Amino acid sequence: MYALTKHPGFWSIFTGGLVVLILILSAVFAPIIATHPPDQQVLSDRLLPVSWAEGGSAAHILGTDTLGRDIFSRILYGARISLTVGLAAAIGAGIIGTTFGLISGFYGGKIDYIVQKIVEVFQSFPFLLLAISIMAISGQSLGILILVLILQRWVEYCRVVRGETLSLKSREYVQAAKTMGAKNYFAIIRHILPNSVAPVIIIATYSLASSIITESSLSFLGMGVPPHIPTWGSMLSEGRDYMYAAPWLSIIPGICIFVTVIAVNLLGDGVRDWFDPSIRGRS
Amino acid sequence: MKSSILTMENIKCHFPIERGIFKTKQSVKALDGVDLNIYEGDTFGLVGESGSGKSTLARVVAGLQRPTNGRVFFRGKDITPLRNQESKALKISDIQMVFQDPYSSIDPRMLIGEIIEEPMLIAGWGKSERKKRTEELLELVGLSKEAAKRYPHEMSGGQRQRVAIARAIALKPKLVICDESVSALDVSIQAQILNLLDDLQTEFNLTYLFIAHDLGVVRHMSDVIGIMYLGEIVEKGMTEEVYQNPLHPYTKALVSMIPTIEHRIHNRERIVLKGEIPSPMKLPKGCRFHTRCPYKMKICEDINPKLQEVEEGRLVSCHLFN
């Protein structure tokens, strides 16, 4: 046995995991950490810069927005929605897309044709129109928002996993499993899924980030979360109008999204390396 | 008299392909009427150049490919359906396969132990049984017990092929298909693996279907050989007889090309075939071989000869012998 820290991927998992953990904890304990209620408006304190800049106030660590709301508190509360939406959409779409990708690639023929036609329909259908119709039918809620994002994202997983499966299923070790009498699901779960996990992790990290952004554009159109509830995406787009006068309005939520994406990416990379035997033992 | 373990009757395997905007239907005739009989305890060597249908034949026997036509019998039972579907007629473990490339025939993400355990896992063995058998197998194929905890990338090609062999014999099969099992290895490693296969055959009374394009290797391994050309068996007989006295013009050409030391002494004539093997999509009319045959006659262009017995246990499909 060698030290855990020497295991490939350990430091990536450690760093990425730590940051993700901090983000999740700060979202969970937002009411305790926050210095102000997130929707408290103090118009006399509008557009205060960050506390260490000239004109900043110690009461508002990261400054205030156009309505005098405390940005630090809004970031904390915003993390709740943004992280939930991002993670749920990435994971949900990942599970659905990967499953259909495996089935489609492995069985081929008519099944493949049908699944890929569905994928094409999803790809060619304007996403906003789909989102609007679903919202119009079922009303707004966080669950519906996540569902819409999953409907948008699963096709990427499906396409990529299908491609991987197509190449993996003709590998000799899958053929060998068949001559041993393995049922199809055995070959899929034991051989094909583990070998196609690397691209899935990459898509997941990317899709997490873009789901956070997409949520903001949906909210902007009045189809996501109600405007008074803070999310990183909506804070980012609200700040856009003040880019020159008050750049921190968009930079701070931007940094949060950036840090989340980097952390999840590191975590994903680390997990992939941890389970990849071919780089094990190298330092 | 040895009893027959595997019988193939008139196996045809055609792969349809659609081409061009008019979707003209053509088909690749990978196997076109193969009859084969393998006897218990024998090694049947199958020789032929690339594209002659050797591997398709192996896949049919292994149950990975359903033939378009014909039946496969294992000890008299019909096993034509695909192995992982309707396998009632056959104990799955009876026919196993060792693949060509030991770099792709074992899953790079799994431990050697897990790879060897796989057939036992599929057969539903308990954990301690699996572990015990794995250790036995590692020893049988000349690997250490510790190898079970290693990953494929830590092993050489020869060691990996030993792992693949251990996996193939895990459930005590009767027939093992070796599809070019040594052609991806270095010559010195080839010899080791061939000796291992030989030892295992004696120990467990295995029957081999041994596929190769290296005539020297096949001569060393086989009791009986079959020569394939364009999806057909053109000559079949006891290995030594075929090598000493090849009858079919194609076999003659093949045998004359084996590099030997005696060659220089006897100043044996080399028969160099002209041209390439024809496309299996457009098989030549008449005898498959007439486009390259040095002894071509009028009849060869029109009628495809049948595989006929010319001596006891010696079959040739050529008009020269009818």
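Begin with chain B and select its open sheet of eight strands, which runs in the order β6-β7-β8-β3-β9-β10-β12-β11 with mixed pairing. Keep in mind throughout the tour that this is a predicted model. At the edges of the sheet you will find β6 (95-98) and β11 (308-311) of chain B, each of which pairs on one side only. If you look along the sheet, the turn of neighbouring strands against each other, with direction ignored, averages 25°.

Next, select strand β3 (residues 43-47) and strand β9 (residues 224-229) of chain B, which pair in the parallel sense over four bridges. To inspect one of the residue pairs, pick G45(B), whose bridge partner in β9(B) is I225(B). With β9(B) still highlighted, add helix α8 (residues 249-256) of chain B, which packs on the sheet and touches both β9 and β10 (232-238) of chain B, its direction making about 110° with that of β9(B). Then move to helix α4 (residues 157-169) of chain B, which lies across β6 and β7 (175-179) of chain B and runs at about 175° to β6(B).

Two backbone details in chain B deserve a stop. Most residues other than glycine have a negative phi. Select N10(B), which sits in strand β1 (residues 4-19) of chain B and has a positive phi near 45°. N10(B) counts as partly exposed because 13 C-beta neighbours lie inside 10 Å. The second stop is N205(B), in the loop between α5 (187-204) and β8 (207-212) of chain B, where phi is again positive, near 50°. Is N205(B) buried or exposed? With 10 other C-beta atoms within 10 Å, N205(B) is exposed, since the cut-off for that class is 12 or fewer.

Now colour chain A by secondary structure, which shows 11 helices and zero strands. The C-alpha trace of chain A spans about 75 × 55 × 30 Å along its principal axes, and buried residues make up 41% of its 283 residues. If you draw the contacts in chain A between residues at least 6 apart in sequence, 70% of them join residues at least 24 apart.

Within chain A, select helix α3 (residues 71-107) together with helix α6 (residues 142-169), which pack at an angle of about 35° with their axes 5 Å apart. The crossing of α3(A) and α6(A) is right-handed, and by class their contact has 19 nonpolar, eight polar and four charged residues.

From there, go to helix α4 (residues 109-124) of chain A and place a distance between its end C-alpha atoms: they are 22 Å apart, which agrees with the 22 Å that its 16 residues should span at 1.5 Å a residue. Of the 16 residues of α4(A), the number buried is one, so this helix lies largely in the open.

Finish where the two chains meet, selecting the 18 residues from chain A and the 22 residues from chain B that form the contact. On the side of chain A that touches chain B, the elements giving two or more residues are α7 (172-179) and α8 (184-195) of chain A. Which of the elements of chain A gives the largest share of this side? That share, seven residues, comes from α7(A). Coloured by class, the residues on this side of chain A divide into eight nonpolar, six polar and four charged.

Methods:
Residues numbered from 1 in each chain as written. Chains lettered and ligands numbered in written order. Predicted model: local features only at pLDDT ≥ 70, side-chain atom pairs only at ≥ 80, totals over all residues. Axes fitted to C-alpha atoms, helices over the stretch in contact; angles between N-to-C directions. Left-handed = near helix turned anticlockwise from the far one by under 90°. Nonpolar A, V, L, I, M, F, W, Y, C, P; charged D, E, K, R; others polar. Expected span 1.5 Å × (residues − 1). Buried ≥ 20, exposed ≤ 12 C-beta atoms within 10 Å, placed from the backbone. Contact = placed C-beta atoms within 7 Å. Pairing = 2+ DSSP bridges.
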